[in-house]
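This report goes through one protein chain, from single residues to the chain as a whole. Keep the structure in view while reading.

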Amino acid sequence: MRHLIAGGLLLALTPFSPAAELKTAKISVEADRTRVFLDLAGPVDYKLFEIANPGRIVLDMRDSAAAESFAAPGGKGLLKSLRTGAQNKTDLRVVLDLAADVRPKSFLMPPDGGQGYRLVVDLYPKGKGGKAEVVKSARVASTKTRDVVVMIDPGHGGNDPGAKGNAGTQEKNITMMVSRELKRQIDKTPGMRAVLTRDGDYYVGLEDRYHKAREVKADLFVSIHADAFTSSDARGSSVWMLSPRGATSEAARFLADRENNADLVGGVKLDRKDNTLAAVLLDLSQSSTIEASGAVAQQVLRAIGKLGPTHRGYVEKANFVVLRSPDVPSILVETAFITNPEEERRLNNPEQRELLATAILNGMRTYLQSTPPPGTQFAAAAEKNKPERLASRKVEDSDDSSGENIALARVPRS
C-alpha cells in the first residue's frame, strides 16, 4: 500500500475498485412514459446523451461495471432494447435503443427502505416540434452534513480593556458586542455555527484563544478588535492575517513542544525521532492555512469595504499571536478606529454593529462557497451547483451509419 502526504495528513492509496456495479435493470410502461430502472451497488457519476438515426440514449457511467449476473431485460413501450458494454476500461456504457422519438429525463435515487442506489431514466414521447430537454445533474448530495464551525474571538477583556475612545468607550466592550452580534447571525445561517473564545468580561490568554479554535476543530477563526491611533483623524476598518515571520516563529515553538509534537496537525501522531517528517507536515499545513487565511481576509475586506472606505485597500500582515494556529485559517478584523469620534459613535450604534457583523459574515460565506470544507452544506451545495456534467446532444449520422461505428465501437450488440 502506498502513502501520500497531503495537507498535513498521511493518506493511504488503495487499489482501484468500481464505485458502482450495475446489478439489475427493469422496464416499466406507464401512461405517459416508459421508465427504466438501473439498480446499482453504489452512487454513480454519469452523463447522458442522445444519438439519432437510429434513435438511442447513451449512459456513460464512471468507475462502473455490470455484474456478472446482470441480464438485460427485453424491450417495452418506447424502449426497443437495452445493452451494455465496457468503456475506457474503468467505465460502463448502457445503450437504450428507442422505438420512437423521446424526451429523456434522469435522476439518481439514494438508498431507501433497504433498497440500494437506483438510476432512473424516464422516456417521454416527443410531440411534434418538441425538443429534447437538457438532463439535470444526477449527483446526490449527502444526507448528513456537518456545520461549518467559526471561532469568534472578542479581543481583550477583564483587566485588559484595550483601547479607549474619546467618549470613554472601551475596546473590550465593543469587541464583545460585535462578536455576539456576529455569533447571532452565524447561528441563524444554515450550515454554520459559532463559538466564542469568551462570553463575558474576563481575560483569555492570547495562545489560549487559538488553542480553543483547535479544540473545537474550527474551520475559521476571526478575532474582533477596534483600532486606535494617536491622531483622531485615522479611520476605516482593516483586515489582518499572519505574517510569514509569525508563521516561522510559531513553527519553531510548535515543533519544540513535546505535547504539540505528539499530535501535530490533523491528528497525526509522531514520536520524537520524526523531526524531519514533523517539519514537512507542519510546513504543508501552515502553507495551506496561510493561503486560506489570505483568501478569507480578502473576501471579508471586500465585504466591509461596501460599508465605507477601509483604512487600507489591501489585507495587512502582522505577527499577531492569536493568528498563529497552524491548521485553522485565521484573520483579525479591526472594526474601526475607536479613537475617531465619528467611528466611536458608530461602534456604539447597534444598527451599525449589525451591518458590520453582516459584512464579516458575507465575506466568510463567499469564501466558504468557493472553498467549502468537506462534509459541510457548503460542500454539498458546491457539488450540486457544478457546471452540468450531463449533456443532451444530437449526433446527425450519415446514411452509412458511420456515427454508429464511432459512438458504439466498444458496445457489443446483444
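Is N159 buried or exposed? The model is a predicted one, and in it N159 is exposed, with a relative accessible area of 72%. This residue belongs to the loop between β13 and α1. Along the chain N159 and Y203 are 44 residues apart, yet their C-alpha atoms are separated by 6.7 Å.

**Rings and charges**

Y203 also takes part in an arrangement of a charge and a ring. R209 lies over the face of Y203, at 5.6 Å from the ring centre. A similar description holds for K105, which lies over the face of Y124 at 5.7 Å from the ring centre.

How many aromatic pairs does a search of the whole structure find? The search finds 1 aromatic pair. Its members are W240 and F320, and the pair is edge-to-face because the ring planes stand at 80 degrees, with the centres 5.5 Å apart. For planes, the cut-off for edge-to-face is over 60 degrees. The pair links distant parts of the chain, as W240 and F320 are 80 residues apart. W240 sits in strand β16 (residues 238-242), while F320 sits in the loop between β17 (316-318) and β18 (330-337). W240 is buried, at a relative accessible area of 15%, whereas F320 is partly exposed, at 26%.

**Helices α1 and α2**

Helix α2 covers residues 206-215, and its buried residues are R209, Y210, A213 and R214. Why do these residues count as being on the same side of α2? They cover an arc of only 140 degrees around the axis, so they are placed on the same side of the helix. As general background, an α-helix has 3.6 residues a turn, so residues three or four places apart point the same way.

T175 is a residue of helix α1, which spans residues 171-188. Its relative accessibility is 1%, so T175 counts as buried. Leaving aside residues up to four places away in sequence, T175 touches P154, G155, R198, I224, H225 and A226.

**Backbone features in loops**

Two residues other than glycine with a positive phi are set out below.

| Residue | Phi | Loop | Relative accessible area |
|---|---|---|---|
| D63 | near 50 degrees | between β6 and β7 (64-66) | 23%, partly exposed |
| K217 | about 55 degrees | between α2 and β15 | 67%, exposed |

The place of K217 is just after α2. Another backbone feature involves P54: the peptide bond from N53 to P54 is cis, with omega near 0 degrees. P54 lies in the loop between β5 (46-51) and β6 (56-61).

**The nonpolar cores**

Which residues have the most contacts inside the largest nonpolar core? They are L182 and M364, in a core of 40 residues. The elements that give two or more residues to this core include the helices α1, α5 (275-305) and α7 (350-370). Strands are also on that list, among them β13 (148-154), β14 (192-196) and β15 (220-227). The element that gives the most is α7, with 8 residues.

Not counting residues up to four places away in sequence, M364 touches V150, L182, I186, L220, V222, V296 and V300. A second, separate core has 26 residues, including L22, A25, L59 and V121. In soluble globular proteins, nonpolar side chains tend to be buried together.

**The chain as a whole**

The chain has 414 residues, and buried residues make up 45% of them. Its secondary structure comes to 9 helices and 18 strands. Among the contacts in the chain with a separation of 6 or more, 71% are between residues 24 or more positions apart. The accessible surface comes to about 21100 Å², and 51% of this surface belongs to carbon and sulfur atoms.

Methods. Residues are numbered from 1 along each chain as its sequence is written. This is a predicted model: local features need pLDDT of at least 70, side-chain atom pairs count only at pLDDT 80 or more; totals for chains, interfaces and linings use all residues. Side-chain values use heavy atoms; hydrogens and water are left out. Rings of Phe, Tyr and Trp (its six-membered ring) pair if their centres lie within 6.5 Å; planes under 30 degrees apart count as stacked, over 60 as edge-to-face and the rest as tilted. Helices (H or I, at least four residues) and strands (E, at least two) are DSSP runs, numbered from the N terminus. Buried means under 20% relative accessible area, exposed over 50%, partly exposed in between (1.4 Å probe, protein chains only). A charge sits over a ring if NZ of Lys or CZ of Arg is within 6 Å of the ring centre and within 35 degrees of the ring normal. The arc is that of the directions from the helix axis to the C-beta atoms. Contact means heavy atoms within 4.5 Å. A nonpolar core is a set of buried Ala, Val, Leu, Ile, Met, Phe, Trp, Tyr and Cys residues joined through side-chain atoms within 4.5 Å. Accessible areas come from the Shrake-Rupley method with a 1.4 Å probe; for residues, only the protein chains shown count as cover.
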